[in-house]
Every structure is written in C-alpha cells, then in structure tokens.
Amino acid sequence: MSILIKGGRVVTAADDYLADVFVEGERITLIGESLDIAADRVIDATGKYVLPGCVDPHTHLDMPFGGTVTIDDVESGQTSAAFGGTTCHVDFCIQGKGQSFADALAGWRAKAEGKQVIDMGYHMAVTDLNEGGSLEELASLPDEGITSYKLFMAYKGALQVDDETLFRTMDVAAETGALVMVHAENGDAIDVLVKEALAEGHTEPHWHALTRPPELEGEATNRAIQLARIAGCPLYVVHVSCQEAVEPIALAREKGWDVWGETCTQYFFVDSSFLERPNFEGAKYVYTPPPRPRANQNVLWDAVRSDVLSVISTDHCAFLWEGQKSLGRDDFSKIPNGGPGLENRLQMIYHFGVREGRITLNRMVELLATNPARLFGLYPRKGTLAVGSDADIVVFDPKKKVTISAATHHSRCDYSLYDGTEVVGTPELVLLRGNVLVENGELMGSPGIGQFIARAKFGEQLAAGRAVAA
C-alpha cells in the first residue's frame, strides 16, 4: 500500500515547510515539493499540518491500584490515544512484590495481546529487589528492549522503594544503558501527614493536596538528582507539577548533568481549587502529584518553553468517578489516584500553547513527539517525519473547532478533566506505520494492528524493524 499526502505543511521539531510525503508500506520513502509519483491513495492536506505521530511516555492501562483497576485497558486506552494523534506510548509494567521481572513482563504483555491499536513499549517499575527480581535480571532487561526503570519514592506500603533500592537500580542503569525514571515525592513524610489529617477528621478530597505539599516533591526531586549524579546514570523526573521541583531540575541542567523532566497536560489547566468542588466532584482531580496553586501553571509553561522540562505526557490513569473514585468518599486517602487525558493532549497543547503564543509549533512537536522518542529509545523510527521513519503521521486541521466532552471521547472514563473546553485544532487523519488508523472521526484500524517496540538503550537510535507482535 502506498499513500501520497499532498500539499500539507510538514512540521517537525526542527522544520516547517510545504511538501508532499510519500509512504510505501510502513515507512516514509520520499518527502519533497510537488511529487509526481503514482500512489494507491492520494490525501489532500492543503491547509493542514502534517505532524509526526505523538509519543506518550507515561500511561497506566489495565493497572491495579488502590483496590481496583484502571478503567481503560489496552484496547480502549490506545483507541483514545489514536483519536488524539498519539501513535506510540510506553506503559508501565509494575513488578509485584516477590515477582521476577520476567514474570511481571509476561503478565503485562498478556494483557495487551490482540488488543493493541497503536505501537507500545514498557518501562519496568521496580518494587522489590529482595524477594523479587535480582540485580542480574534487571541488568538483562535493556537487551530485551526494556530500556527504562521506574521507581516510586511515594505510596508507602504499596509501590514505594527505599533509597537503597533506588540507588542500586541507578547503579545497574549506569552499567546497562537504561534511563531511570522517578516519581519524586517524599512518601514517608506524606504518610505521616495523611495519618495526622485523618486522625483530625479531615476526609474531603482537597486534603489529598494538603497532605502532599510541593516542598515534598521538591525534596524528593533533589534527592533523586543527587543520587543519580553519584551513580552516574541518566535521570528522568516524571509528572513535575510545581516550582519546588522545577528548580532543582533547572539547576542540574544548568550544570550539564544528565537530568530531564516531564510535566503533564493537566498541570497547565487544573489547579488545587478543583479539589474543593462540592458533592465529591473534587475526587475527579485526585491524582499524584496533586493539582497545585495556579501560580505554578506559568512556571510550567516557562519550563517547557526553555527546555528545563523536555516532555509533556498525560499520565493517563483513568478511574470511574462513580464506582471507583467513590471508594474514597469517606476517606480521601482511599480515592484511587489518577485521571484521564490520553485523547486530549495534542488538542489542549496546540490550542493553549501554540495558538495562544506560549510555545511554537516546532516546540510542540518536540515536546509531544520528538523528545519522548529520543529519550526513550524510539527515535528516529518514531517522533519525526523523515525518510526511513515509520509512517506514523497525523494530518491535523488547525481550524476545526471541538468541544471536549466525556460524551464523545473514546476512553471508558465517565468524565473528562477538560469537560466543556472549546479548542481549535484537532487530528483529521492518523496513520500508524502507513495504515489508516483514524479518519473523519472513525477508527479504521482493528485491535491487533499495534506492535510491541523493543526500544534502544539510552542515547542510542532505534533501527528499523525492531518490533515484535504483542
């Protein structure tokens, strides 16, 4: 199958020009002006942007948490992603206590089998190096295409690891070419604050933020940076939400250290006041780190504009408001942490970032596609438009108006963080490796079309063809 996309405005992290894009099979084979070449299908992209498919490095699909499981499995979550112009994501394989890494990976791969709508990889979330996976087994994962390790510095008694486990994992990463990711909050201090709040009778959703203050995110961020510096491994700080965490990342990057940070779409738009909404509606905005005071939103825009923060992800971790979030109706600490967002990242960042002049179009592509592909061993197969790259392409209509609504999104979640928000600009057509995945509001691809991508080690490039069936 060959496709010729004609007359569009081709936008990458570095370039912005009018051109035609020719796709043969799964890859881009030619880019140029007024191409005179036969194709099985011609797509007129006049007046549209032609963008690389977005890459989301931070999602949680079919994940057990807080006595329940996220409402989006691989099929529904990836369908939502596809409609939002995301063609590849990296999800988290979470090691259970006492579980080997091989068993953990086999279980998570089984959840995805036959359901994949887009391409995906996995991070390994390390929770147990004592009775579970060994350091030797951990060291073998990058050779299997699992080239990033995630550690939680919070969620005491569940996912949280101690500093010894964190540092030992960093040592392994330094030797094996893996990237260490941290959820940076001081879980011990948070545990004390939560217990104190509950003892005093504070049960409402807004206490979720009051017991996870920004100083504890800043402290853990700085601690992880210093430990990574000693271990000699690259560090990626996930879901940065506040000035207290931005500042140590900025300092490390100013010094030239191997430290990167991401923030998430919701932190630009949802502030701590949302948690105070009546009738338990505040529970919709219980995710971690929590929504922060509004002043942090400008801090984050400045950080992504200046490359203090290098990626915008979604941390899509969706639970139903009725039936799942309601587990914590009488105790904020039992509200499952997480929110939806996979479908709306490109729409929200384009409208409020590019259209309103906060970032450039090239920077948007860099934040949503190119940088995550580079950092997580997917580039140049993913994250750009170039000869030889996978034909993961979004034809984007910059003038179409859309009202975001849970009634029309493709997640199984019963609410949207951005419900009622009007945006201008939305994907019109999405290709996955040369296959028409979404067109005119319809899913054209079938579950199973997506592939598992064995990713390159940190700092290396991904050659064509390194993918296996789910």
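## Cavities and a helix pair

The second largest cavity has a volume of about 60 Å³. This is a predicted model. Twelve names make up the wall of that cavity, given here in order along the chain: S80, H316, P340, G341, L342, E343, N344, H409, S411, S416, L417 and Y418. By class, four of these lining residues are nonpolar, seven are polar and one is charged.

How many cavities of 30 Å³ or more are there? The count is three. The largest has a volume of about 140 Å³. Its lining is made of 17 residues. Closest to the centre of the largest cavity are H60, Y155, T288, D315 and N337.

The table sets out the two linings by class.

| Cavity | Nonpolar residues | Polar residues | Charged residues |
|---|---|---|---|
| Largest | seven | eight | two |
| Second largest | four | seven | one |

Now to the helices. Two packed helices are described by the angle between their axes and the distance between the axes. Helix α4 spans residues 163-176, and helix α7 spans residues 214-231. Their axes come within 9 Å and cross at roughly 45 degrees. An angle over 35 but under 65 degrees is neither roughly parallel nor roughly perpendicular, so α4 and α7 are oblique to each other. The crossing of α4 and α7 is right-handed.

Which residues of α4 meet α7? They are D163, L166, F167, M170, D171 and A174. On the α7 side, the partners are R223, A224, L227, A228, I230 and A231. By class, this contact has nine nonpolar, no polar and three charged residues.

How values were computed:
Residues are numbered from 1 along each chain as its sequence is written. This is a predicted model: local features need pLDDT of at least 70, side-chain atom pairs count only at pLDDT 80 or more; totals for chains, interfaces and linings use all residues. Side-chain values use heavy atoms; hydrogens and water are left out. On a 1 Å grid over the protein atoms alone, a cavity is a set of points where a 1.4 Å probe fits but cannot get out, and a pocket is an open set with protein on both sides within 12 Å along at least five of seven lines; lining residues have an atom within 4 Å of a point. Grid points are joined across faces, edges and corners, and a volume is the space filled by probe spheres set on the points. Ala, Val, Leu, Ile, Met, Phe, Trp, Tyr, Cys and Pro count as nonpolar, Asp, Glu, Lys and Arg as charged, and the others, Gly among them, as polar. Axes are lines fitted to C-alpha atoms, for helices over the stretch in contact, and angles run from 0 to 180 degrees between N-to-C directions. Helices (H or I, at least four residues) and strands (E, at least two) are DSSP runs, numbered from the N terminus. Angles under 35 degrees count as roughly parallel, over 145 as roughly antiparallel, 65 to 115 as roughly perpendicular and the rest as oblique. A crossing is left-handed if the near helix is turned anticlockwise from the far one by less than a right angle, and right-handed if clockwise. Contact means heavy atoms within 4.5 Å.
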